[in-house]
Amino acid sequence: MAAPELAVPDLAINRRLTVLPMQEFYTSGHRTCQGCESALVMRYMAKVAGPRTLVTGTTGCMYVANTSYNSTPWALPWAHTQLGAAGSSAVGTAAALKALMRKGKIADERINVIAFCSDGGGGDMGLAALSAAMQETRYNLLILLYDNESYANTDIQASGMTPWGAVTAFTPSGSEKRITHHRWKKNVPALLMAGHPQGRYFANTSSGFAMDLMEKVRTALDIDGPTFVQTHDPCPKGWDFDPRKSHELAILAVQCGITVLWDCLDGELRYQGISRQMVDGRLRRRPVAEYLRRQGRFAHFADEDIDYFQSQIDQMWEQWILPGVVRIGQTPHRTLPTSSSLPQATEPVPGPAAAVGGGNRG
Amino acid sequence: MTTIQETAPGGRVVPTDREEIITGCDAVAQALRLLDVDVLAGYPIRPYDSVMTAVSKMIANGEMDAEFIVAESEHSQFEIGKHASLVGARSFIGSSGVGWMYGMEALVVTASLRLPVVALVGNRALDDPGAFGVEHNDAMMVRDTGWLLYWVETAQEALDMTLMAYRVGEDKRVMLPCALSMDGAFLTHSQHIVRVPDAEAVRQFVPPYDLGDRRFHPDNPISVAPQFNEDWVMEARRQSDAAMRRARAVITEATEDFGRVFGRGPADPFIDTYRMEDAEYALLGMGTVGMVGKVAVDRMREAGKKVGFVRVKWFRPFPQPELRSVLRNVKGAGIVDRDYSFGSSSYGGVLYTEVAAALFPEDRRPVIVPFIAGLGGREVSVENMAEMQEAVEQAVARGERDATCQWIGVRGPESDPRYETSKLNETAEGSAR
């Protein structure tokens, strides 16, 4: 049963999407919660990917709530993969396509390979596999990490990407201890970008900014090699707020400077939308209290907790070398001399290790 | 290298073979080249890793056209193999010991997704303490999950069974992954004379891999492995069970076909019997212990003992009819387990438990004595075999139908049959040593 050939605009890299296809490839048939932003992300992602796409997805909300047997929202081929296997499922799929096309066992054509994962599957358990995928420059693949900031399908437990202090099933607030989630959220897109110099595209976006998100997915798919896009998706069930406010919260997270819209194409870092205005000093951030106070998971916060949260966000914007991306805030800027003015490195003198390194490390 | 040309029964000329002296791992690598495997994923752990070393060199030399991925863990390695197989690529993975354990989740779903990936398990002891040597517990861990499991004895068999693994696994009636178990060091790294068939014969024997309407491709927009829950899980499990049951006939058929195409092959697909025709006693084992067992049988025969050896080859599906038939007329059988299953019936190993269960409904069945030997790569010697035979004879003489497992080749106070109740074992000093 062949899928109908549907036109998807051939979008040049970096161009704004001006025409979007009417067709949906993530449709009805899922049973995600009211106000689920991650389902919207799946829809945007599938829409701009188009019909010549293979999607794998890790265990999580976008597995369990999306695909109950005999009911699937996917008009694209979709396959479940294990929680830590977004990176390896993408590599396996892309490698198979490459081998089969090269050997003439299937038609040679451009087929998008997308593997999506959650903050738990991608940022925690699957981080090593994501890292390995980002090194596989032989293969065209996109990893999309939908970040709803907890293991939301299993009853809301803290992940490595849950914001500091948030209440989850495993990090409750008690009568003795107000805060039990002590880890500051890890910055996965920046982590992947910094550690994989051959990776061509890394992006951070938000479910509240549909055009930004779709542009980034499309840009990633148009590039040869491994690419990574992360989206920040408010979760009414996990964050404890009225489902009507999902989109609003996503936007507010960016307005408060907590989520930063950025991407990095071939080593060039760019900010988008209101994040860019903030970087340029044209827009003032809203206090994080506005964002935190709307969510039940932060209801236990004392003023000092909000102050601490605000101080960390302030530091990220005021002291980091690249706000929201790269810290190294304390390093003084310096101009490197040109290479010709530097002394030539000399060959190390052969000899016992102790003589060279001053130690005996074997 | 020697080339061989022979005439098969029926007058057909067998395609030209090459003869090479290669290790068990190299023999598997040769088979993978002949099978035109598309995707291979490797991760280092001894001793299986030699197969990946050999394959990557063949790819680098242009002798083989495949995508070779150096994964960052066994979990990723097996997921890569699984997903490549889902796209329709013939794929190969492998591991040893705790590495096989590390990727267990991916192994389980490969079987439940009914994807015919083939794996080499270079059998290795599980940590802790660290040991490189052979133990069969690693491969045994998938015995309940829908993996076909085979234990090879020689490098030739390793090559032949790699072909067989794809032929049987990819058969529409089966569609299950297959793990070939190979004793670490004793076979992975020892050289045998191996006949390497030519690619055309292999193509005749193993048709192209075709996943049919399960192929993961934009032309076939399917959803793979949606959430089942209690509604359908039992039906899915029953389908895997049916596939495993059908595998028996497919293996028989493929073994006959193997003989037709290559002009050689085993008489019985499931078990390998040695001097069992008139045997009163039998020793049973798997893998390279077969070589020792056969030598030991010859020695004991010279001494006038009517002993034979039975090597279990396919462990899944388990050769129940064959074992019932071959053990029907013996008085006593010793089961040599190169694995352990602490706390199991009679404290025997896994093979013992399976053999005992297979024979239970029989009216005529031998006295069965369980042994555990050769763990962690310790050699199982001809003398050990004689020792086990002696114990079997004694059990038969005593009419002992409920023998407790004996450990063979153990040193120190642990060798005492009453070790578990001895004072030494109760002290911290004893357990810390």
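This report walks through a predicted model with chains A and B, starting with one chain and then turning to the places where the two meet.

**Chain A**

Let's begin with chain A, whose secondary structure comes to 13 helices and eight strands. Of its 362 residues, 49% are buried. If you take the contacts in chain A between residues at least 6 apart in sequence, 67% of them join residues at least 24 apart.

A good pair of helices to look at is α3(A), residues 86-102, and α5(A), residues 127-135, which pack at an angle of about 35° with their axes 6 Å apart. From α3(A) come Ala86(A), Gly87(A), Ser88(A), Ala90(A) and Val91(A), and they meet Ala129(A), Leu130(A), Ala132(A) and Ala133(A) of α5(A). The residues of this contact divide into seven nonpolar, two polar and no charged.

**Where the chains meet**

Next, the interface: 44 residues of chain A are in contact with 39 residues of chain B. On the chain B side, four elements give two or more residues each, and they are listed here.

| Element of chain B | Residues |
|---|---|
| β4(B) | 67-70 |
| α3(B) | 74-87 |
| α5(B) | 104-112 |
| β10(B) | 223-224 |

Helix α3(B) provides the largest share of this side, with 10 residues. By type, the side of chain B that touches chain A splits into 20 nonpolar, 10 polar and nine charged residues.

Strand β10(B) also pairs across the interface: two bridges join it to strand β2(A), residues 78-81, and the two strands run parallel. Within this pairing, Trp78(A) has Ser223(B) as its bridge partner.

**The nonpolar core**

The largest nonpolar core holds 226 residues, and the members that touch the most others are Ile143(A), Val217(A), Tyr150(B), Leu180(B) and Ala282(B). To picture one of them, try Val217(A): leaving aside its neighbours within four places in sequence, Val217(A) is in contact with Tyr44(A), Met45(A), Val48(A), Ala49(A), Leu144(A) and Val229(A).

**A helix in chain B**

Our last stop is α11(B), residues 320-327, where the buried residues are Leu323(B), Val326(B) and Leu327(B). Why do these three lie on the same side of α11(B)? They do so because they cover an arc of only 90° around the axis. Several elements of chain B help cover these buried residues, including the strands β11(B) (271-274), β12(B) (281-285), β13(B) (307-312) and β15(B) (332-337), along with the helix α12(B) (350-359).

Conventions:
Residues numbered from 1 in each chain as written. Chains lettered and ligands numbered in written order. Predicted model: local features only at pLDDT ≥ 70, side-chain atom pairs only at ≥ 80, totals over all residues. Contact = placed C-beta atoms within 7 Å. Helix = DSSP H or I, 4+ residues; strand = E, 2+ residues; numbered from the N terminus. Nonpolar A, V, L, I, M, F, W, Y, C, P; charged D, E, K, R; others polar. Pairing = 2+ DSSP bridges. Buried ≥ 20, exposed ≤ 12 C-beta atoms within 10 Å, placed from the backbone. Arc of directions from axis to C-beta. Core = buried A, V, L, I, M, F, W, Y, C linked by C-beta atoms within 7 Å. Axes fitted to C-alpha atoms, helices over the stretch in contact; angles between N-to-C directions.
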